[in-house]
Amino acid sequence: MTRAMPIPTNSPALRAGLVFMAVVALGWGALVLLVRPSSDRDWVPEQARMPVATMAGDGLQLVNVRNARYRSTSDFDLRWENREYRLDEVDSAWFIVEPFADWRGPAHTFVSFGFRDGRHLAISAEVRKEVGETYSPLAGLFRQYELMLVLGDERDLIGLRAAHRRDPVHLYRLQATPAQARALLLALLEKANALAERPAFYNTLSANCTTTIVDAVHALAPGTIPMSWRTRLPGYSDDLAFDLGLIDTELPRDGYREAHRIDGLARDAEAAGLEGKAYSAAIRSRWAGSTTSSASR
């Protein structure tokens, strides 16, 4: 058997090769750092408009709330709406987790806010994709995508994932007072306004769907959510929220997730043609007339 001749560690060729690779890596890294985020690209239609919020006292005016009607993930009618809410009517905050891979780690997370009149407003931090662009977690580490916050109707943001992507969707009411829910809503709306004025990059680890929510919480209550790998792998973020007592449930750890899975309810609600308040009530129907914790026992 012929044995391969080892390359001496002091070989000039080896040293030259290592130097060349280091120079290439440093040069590429420098080029990446020179890239600047932009709001002027050929965006996919469903992410073409950035939302803007205006607050005056307890009045809240929102521009570019998305309320699309989907026939499939690629066939839909876009509707952009201007909406008005009252901040003193915010009464709940909800955490949504959408796993989308064969293993649990990858997931999308977002939040929704309930108002006393039965309406809900969903807010989702997402990669803002250009036409023809697909998401890659690796590319997301290297300034390849801008970050945006989508403000949308629950039938849009939840229905897209449950009824058309056919992903599991888990919906959790958060342990938050109306004042805390209102403060979180305002923090996320301020982030949306900032991104509309000054684009910023998405980052798979440090500026993703879950870390955007965590950053908003930390701005209000530093230290509430400790640094954890479970915010970098959002499919485990509900376990972190459960362990921290942030989810309104008295179920044991091994049973709470399945009890809060609502993609079947979401598909039924869409098939029935429900919209607005009726849709939001339907996906919460298992908790109707009770708190999340007592209804889920």
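Begin by selecting Arg284 and Trp94 in this predicted model: the charged end of Arg284 sits over the ring of Trp94, 4.2 Å from the ring centre.

Keep Arg284 on screen and add Glu154, which lies in helix H2, residues 154–164. Setting aside neighbours within four places in sequence, Glu154 is in contact with Arg284, and also with Ser112, His120, Ala122, Gly159, Tyr279, Ser280 and Ile283. Is Glu154 buried or exposed? With a relative accessible area of 1%, against a cut-off of under 20% for burial, Glu154 is buried.

Turn next to the aromatic rings, where the count comes to eight pairs. Select Tyr85 and Phe115, whose ring centres are 4.5 Å apart with the planes at 25°, so the pair is stacked. Since Tyr85 belongs to strand E5 (residues 80–86) and Phe115 to strand E7 (residues 107–115), the pair ties together parts that are 30 residues apart in sequence. Tyr85 is buried at 2% relative accessibility, and Phe115 is buried as well, with a relative accessible area of 3%.

Then select Tyr135 and Tyr202, an edge-to-face aromatic pair with 5.8 Å from centre to centre and 90° between the planes. Tyr135 is found in the loop between strand E8 (120–128) and strand E9 (146–152), while Tyr202 is in the loop between helix H3 (178–197) and helix H4 (209–220), so this pair ties together parts 67 residues apart in sequence. Tyr135 is partly exposed, with a relative accessible area of 35%, whereas Tyr202, at 8%, counts as buried. Adding Tyr145 to the selection completes one aromatic cluster of Tyr135, Tyr145 and Tyr202.

Tyr135 also leads to the largest pocket, which has a volume of about 870 Å³. Of the 34 residues that line this pocket, the closest to its centre are Phe100, His108, Lys129, Tyr135 and Arg165. E7, E8 and H2 each supply at least two residues of the lining, and the largest share, three residues, comes from E8. By class, the lining has 16 nonpolar, eight polar and ten charged residues.

Finish at the second largest pocket, with a volume of about 470 Å³. Select Leu174, Leu184, Val217, Ile225 and Leu246, which are the closest to its centre among the 24 lining residues. Strand E6 (90–99), H3, H4 and helix H5 (237–243) each contribute at least two residues to this lining, with the largest share, five residues, coming from H4. Here the lining has 18 nonpolar, six polar and no charged residues.

Key. Residues are numbered from 1 along each chain as its sequence is written. This is a predicted model: local features need pLDDT of at least 70, side-chain atom pairs count only at pLDDT 80 or more; totals for chains, interfaces and linings use all residues. Side-chain values use heavy atoms; hydrogens and water are left out. Helices (H or I, at least four residues) and strands (E, at least two) are DSSP runs, numbered from the N terminus. Buried means under 20% relative accessible area, exposed over 50%, partly exposed in between (1.4 Å probe, protein chains only). Contact means heavy atoms within 4.5 Å. Rings of Phe, Tyr and Trp (its six-membered ring) pair if their centres lie within 6.5 Å; planes under 30 degrees apart count as stacked, over 60 as edge-to-face and the rest as tilted. A charge sits over a ring if NZ of Lys or CZ of Arg is within 6 Å of the ring centre and within 35 degrees of the ring normal. On a 1 Å grid over the protein atoms alone, a cavity is a set of points where a 1.4 Å probe fits but cannot get out, and a pocket is an open set with protein on both sides within 12 Å along at least five of seven lines; lining residues have an atom within 4 Å of a point. Grid points are joined across faces, edges and corners, and a volume is the space filled by probe spheres set on the points. Ala, Val, Leu, Ile, Met, Phe, Trp, Tyr, Cys and Pro count as nonpolar, Asp, Glu, Lys and Arg as charged, and the others, Gly among them, as polar.
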